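Please look over the structure shown below, and then follow the questions and answers, which take up a sheet, a pair of helices and the contact of two chains.

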Amino acid sequence: MKFLSVNRRMFALLAVIVPLLALLIYVALRSGPLAPISVTVTTVTNRSIAPVLFGIGTVAARYTYKIGPTYAGRVKRLDAHVGDRVKAGQVLGEMEPVDLDDRVRSQESAFKRAEATLREAEARQSFAQTQARRYEQLFAARATSEEIFTTKRQELQIADASQSAAREELARARSDQGALVAQRANLRLIAPVSGLVAARNADPGTTVVAGQSVVEVIDPASLWINVRFDQLRVSVLSAGLAVQIVLRSQDGRRFGGRVLRVEPIADAVTEEILAKVTFDALPKRLPPVGELAEVTVTLSALPALPVVPNASVQRVDGRLGVWLIEDDKPRFAPVKVGATDLDGLVQIISGLKAGQSVVVYSQRALGTRSRVKIVEQLDEVSP
Amino acid sequence: MISLAGRDILHAWGKFVFTGVGLGLLIGVTLTMAGVYRGMVDDAKVLLDNSGAELWVVQQGTLGPYAEPSSLYDDVYRTILGMPGVDRAANVTYLTMQVRQGERDVRAMVVGIVPGGPGEPGQPGYLIAGRQITRSHYEAVVDIVTGFKLGERIQIRRNHYTVVGLTRRMVSSGGDPMVFIPLRDAQEAQFLKDNDAIAQQRRRTAENPAFNRPVIPDLLDAVIASQSINPYINAVLVQVKPGFIPEDVAETIRRWKRLQVYTRVQMEDILIGKLIATAAKQIGMFLVILAIVSAAIVAFIIYTLTLGKIREIAVLKLIGTRNRTIAGMILQQALGLGIIGFVVGKIAATFWAPIFPKYVLLEPGDALLGFAGVLLICALASVLAIRAALKVDPAEAIGG
């Protein structure tokens, strides 16, 4: 009876102690450095990848027309406002003419005076001509002296000269008037092309210097994107390549486009290459100039080579390589890396064959003597 | 031969086990505290490991980039690449800040790296999901501790980034998880003021008659543009060619480029000796006190357990049991209690360690040391109890 009771107690004690020990062994082997490292693996496959370039740019207008006066002056009126659509030849505003109108009127009077002078010269010439003809006939009939006849001929020549001087004076007055009118017209600010008013830099009453722009007009049809690509791996970038454009304001929508040109001068400070990209078709709602745009260039597919995810490529002791799983043991295989694409795939030029298993994700850094446990997905990553 | 200790334990096994469990929880706390200390040191070390660098080139006269601010021009790396023995060099920026995602924000160390491909210095090493950064803008690889998920959009200053990869154990020396973003974006994030501040600065510049001159219409734009650039980085990470000694390469750069260069050993000294020194000492002090308190409690428990059995011991003595047998019984019980306590403590510490917000590193070496310590303390404590037991007068068994 007593023996039984001791046995039952022993059993109860063991029931506590044994699970505790089991738990300790489990804990010691499943955590800390003795635990196997969970890894996920993938099989190397031969496939072709299309490398992709990614650049950031801003929307810019290809042509910006800065309209301003050619003389220093004051702005008299300005009808164009930012956002207005204007037509080629449309008057957008005018500069203050100051005394120009008065000078035009004064020139008109000078012109009329020259006309009058011409009429006077013409009257004199016509009279001199009549007189010369009469004395010629009288001289022929020996009814007058040769001296008087010569005097009349000289008077005619003087009248001819006076008339031609008066005609030229009239022409000068006309040209002077034309010049003043042209100057007057030049004070008007006229749109050289049809487009959109993008900026209005001065308001009526402002004094501006010669050449300073009062109104800026852009041609919305000429919008393009000034893109900057990191200099890494852009040797393949060339004009004509198809691109995809995402505007910051219209996230998620993709617009088609094309590389117009790659600038011959790169940015030495930011280590970027510049390119111009045009839209295939402009968005219905025009993007504002200066808006941020993401540009993705998909290049032609490369020949098939073994491909691994870029997460599997590691540098160990200064050598680039991947961890292979052979007989459930990791082995480091140095590789030579080729092209990559934006989805994180890397082509392996040498060092790997299709069908080999490589480690993609791992919980910790691996070593050749690490124990590994191959899992579908690492525990920490919730599905 | 009947084990006296075993018989006695069986006699009151519930009391014995529960005392052991209570003791175990206390030991668990001590082990965890050691883990917290180890975790702090380990955080500092993984920061260095993860950078993948052998040399850190920083601003002259600073302890940067982790312990002090350091700023270099971002084209310095080109001249460093030309130095003998330098294999690879990459710019890097570090900035601890709040990273927003939807409604919440997370304190994180934002690391700007050159998206130059796998294995470059500064790149996050082992991922646990997703992929490395491939675009030169607006992608992020984050540490799992941030709680961000693949494909989520996070906000750093005014730009949005897509999470494309997850890592683990990528933390700053303060234990903040890391968020890796492309260098250009990071430079911008470090420099970018909020939009209000920028607008105000523009207005201030525009109101300054020295910059806003009607005769030179483009001057204002030029001035504003020059205010809006940030060609700075915090450090250049350098990997040394095989066959070169890092210290030699560092010395050449120090001498000819007049920049401060730290090797791995020096960097570890800075991080552990300076950056986390006070915090580590604080934890260390706490650990020492906790260990002493635990030892005292273990001793008292064993002593009181023995005193509770004083009448039985008197009976044993009365029936002529040898002192050695009685001493053995007490010692065995004490050691048993210690073993149960250690097992419970180790299990408890392992289970609650991952719940801590910062990393807790339970090293097997520490555990073994703890085990030895517990047994030693139990043995010493039992000496006190044995003395008390041996002094008992057998007459007490009858009297009292």
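**Sheet, helix pair and chain contact**

Q: Which helix of chain B forms a right-handed crossing with H2(B)?
A: In this predicted model, the axis of helix H2 (residues 13-51) of chain B comes within 11 Å of the axis of a helix that spans residues 364-390 of chain B, and the two cross at roughly 145°. The contact is made by B:Ile27, B:Leu31, B:Ala34 and B:Arg38 on the side of H2(B), and by B:Asp366, B:Ala367, B:Gly370 and B:Val374 on the other side. By class, these residues are 5 nonpolar, 1 polar and 2 charged. The helix that makes the right-handed crossing with H2(B) is H12(B).

Q: Which strands stand at the edges of the open sheet in chain A?
A: The open sheet of chain A has 4 strands with antiparallel pairing, in the order E8-E7-E5-E10. Within it, 3 bridges join strand E7 (residues 91-95) of chain A to E8(A), and A:Val91 stands opposite A:Ile190 in E8(A). Each edge strand has a single partner strand, so one side of each is left without a neighbour in the sheet, and these strands of chain A are E8 (188-190) and E10 (207-208).

Q: Which element gives the most residues to the side of chain B that touches chain A?
A: The contact takes 37 residues from chain B and 42 residues from chain A. On the side of chain B, the elements that give two or more residues are H2, strand E5 (127-130), strand E8 (159-167) and helix H11 (323-352) of chain B. The residues on that side divide into 20 nonpolar, 12 polar and 5 charged. The element that gives the most, with 5 residues, is H11(B).

Notes: Residues numbered from 1 in each chain as written. Chains lettered and ligands numbered in written order. Predicted model: local features only at pLDDT ≥ 70, side-chain atom pairs only at ≥ 80, totals over all residues. Pairing = 2+ DSSP bridges. Axes fitted to C-alpha atoms, helices over the stretch in contact; angles between N-to-C directions. Left-handed = near helix turned anticlockwise from the far one by under 90°. Contact = placed C-beta atoms within 7 Å. Nonpolar A, V, L, I, M, F, W, Y, C, P; charged D, E, K, R; others polar.
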